[in-house]
Amino acid sequence: MRVVSGIQPTGNLHLGNYLGAIRNWVLMQDNMPEGGQCLFFLADLHAISMPHDPAELHRATLEMAAALVACGIDPARSILFNQAQVPAHAELEWLLNGTARMGWLNRMTQWKDKAGKNREGQSVALFVYPVLQAADVLLYQATHVPVGEDQKQHLELARDIAQKFNNDFASADAPVFTLPEAIVPPGAARIMSLRDGSSKMSKSDPSDMSRINLVDDADLVMQKIRKARTDAEPLPSEPAGLEGRAEAANLVAIYGALTGESTEEVLGRFGGQGFGVFKPALGELLVETLRPISRRFRELLSDREQLDAILARGGAEARELARPTLDATYSALGL
Ligand code: ADP
Ligand code: NA
């Protein structure tokens, strides 16, 4: 089993990024069967498909790498790197451009959504982005790729490209590419804003009180939870009682995501209690969870050498793993 997954480098990381994305990687790593391997990369090459600020991209890439390690990605067990350090991603993307069809890419709903009515004004990179995604996983003979709902179509495309390439350029008993299977990430929690319970917790929300940042100290976390918007009712003892109570449901969901309990289990303990009891319990749980993460996160961000060394090592390991597939691709194409 070989799992390959990428994440866009993004700064100002918050609880939503942790519970919705980063922690899934940690769970996958920690549950890898014997002999299995995870490759996790920062998708910095993807980031240039949209207008971007180079200094900000560089900063966000390092910040995301630090966050991943702080949250539990172990560079000794998983291969952690950024795409730009492994030229084989861009090379394979070009080689696969000969196989990918315009019609396939034109059908991608993300392309249609992102480009909107202004197709002519988009970068070519935005259009061929799914081919780079195909290269990202095919390069390592990934067997499994965790994908959210919005990425399923891109994984199908990667399989179509792999299949057509194998058909056109390889013999049936020696295919160049493995067709990767989609896996649903373990616990994809969707965390909502602390201010309204109905919009997603996000770094783009102008109110800092709407989110818990990975770098918030204990006092600030307690304050944000205390001030989180709720109704005045006690917590129900059954999940059905949370219907129409988005803010309460969100706080219960955060609690359960942190302890690994179901909504039933959380309500089994807190049903009938008011927020005067539940909020301090949630605040303390958050503080306990985030304390080691934010300590390690700050430490890594202030020790660039350590961070650079982790990424350099991951990059070297990835380049070595990528080599045979890249060589086989050139050779199959007569290059
Ligand atoms: P933001 O919305 O703060 O800009 P990004 O869009 O950069 O966050 O998301 C980075 C990763 O974190 C993505 O995988 C995304 O799905 C995940 N993510 C972001 N916000 C949340 C949230 N509120 N709940 C769950 N996952 C989230
Ligand atoms: Na966003």
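The following paragraphs describe the overall fold, the paired strands, three helices and two individual residues of a predicted model.

The secondary structure of the chain comprises 13 helices and five strands. Its C-alpha trace extends over about 70 × 45 × 40 Å along the principal axes. For a compact globule of 335 residues a radius of gyration near 20 Å would be anticipated, and the 22 Å computed for the chain agrees with that value. Of the 335 residues, 37% count as buried. When contacts with a separation of 6 or more are considered, 77% of them join residues that lie 24 or more positions apart.

Strands β1, β2 and β3 are linked by parallel pairing. Strand β1 (residues 2-7) pairs with β2 in the parallel sense over six bridges, and β2 pairs in the parallel sense with strand β3 (residues 79-82) over four bridges. Phe40 of β2 takes part in both pairings, being the bridge partner of Ser5 and having Leu80 as its bridge partner in β3. Strand β2 itself (residues 37-42) is mostly covered, since five of its six residues are buried. The connection from β1 to β2 involves helix α1 (residues 15-30), and the three elements together make a right-handed β-α-β unit.

Asp136, which is covered by the annotation "binding site" in an unreviewed UniProt entry, is located in helix α7 (residues 124-138). The residue is classed as buried because 26 other C-beta atoms lie within 10 Å, the threshold for this class being 20 or more. When neighbours within four places in sequence are left aside, the contacts of Asp136 are with Val4, Gly6 and His89; the range of strand β1, residues 2-7, takes in Val4 and Gly6.

Helix α9 (residues 218-227) has buried residues at Val221, Lys224 and Ile225. These cover an arc of only 95 degrees around the axis, and they therefore lie on the same side of α9. An α-helix has 3.6 residues a turn, so residues three or four places apart point the same way. The face of α9 turned away from the buried side carries Asp219 and Lys227, both of which are exposed, while the buried residues pack against α12 (275-301).

A corresponding description applies to helix α11 (residues 263-270), in which Val266, Leu267 and Phe270 are buried. Because their arc around the axis is only 95 degrees, these residues are placed on the same side of α11. On the other side of this helix, Glu264 and Gly268 are exposed. The buried residues of α11 pack against α10 and α12, and the helix is followed by Gly272, whose phi is positive, near 90 degrees.

Helix α10 (residues 246-259), one of the packing partners of α11, contains Asn250. With 23 C-beta neighbours inside 10 Å, Asn250 is counted as buried. Apart from residues up to four places away in sequence, Asn250 touches Met192 and Gly197. The C-alpha atom of Asn250 is separated by 40 Å from that of Ala90, a residue 160 positions away along the chain.

Methods: Residues are numbered from 1 along each chain as its sequence is written. Chains are lettered from A and ligands numbered from 1 in the order in which they are written. This is a predicted model: local features need pLDDT of at least 70, side-chain atom pairs count only at pLDDT 80 or more; totals for chains, interfaces and linings use all residues. UniProt positions are given in the numbering used here, feature names are shortened, and annotations may be inferred rather than shown by experiment. Helices (H or I, at least four residues) and strands (E, at least two) are DSSP runs, numbered from the N terminus. A residue is buried if 20 or more other C-beta atoms lie within 10 Å of its own, exposed if 12 or fewer, and partly exposed in between; C-beta atoms are placed from the backbone. Two residues are in contact if their C-beta atoms, placed from the backbone, lie within 7 Å. The arc is that of the directions from the helix axis to the C-beta atoms. Two strands pair if DSSP finds at least two bridges between them. A crossover is right-handed if, with the strands pointing away from the viewer, the path from the first strand over the helix to the second runs clockwise. The radius of gyration is taken over C-alpha atoms; the globule rule is 2.2 Å times the number of residues to the power 0.38.
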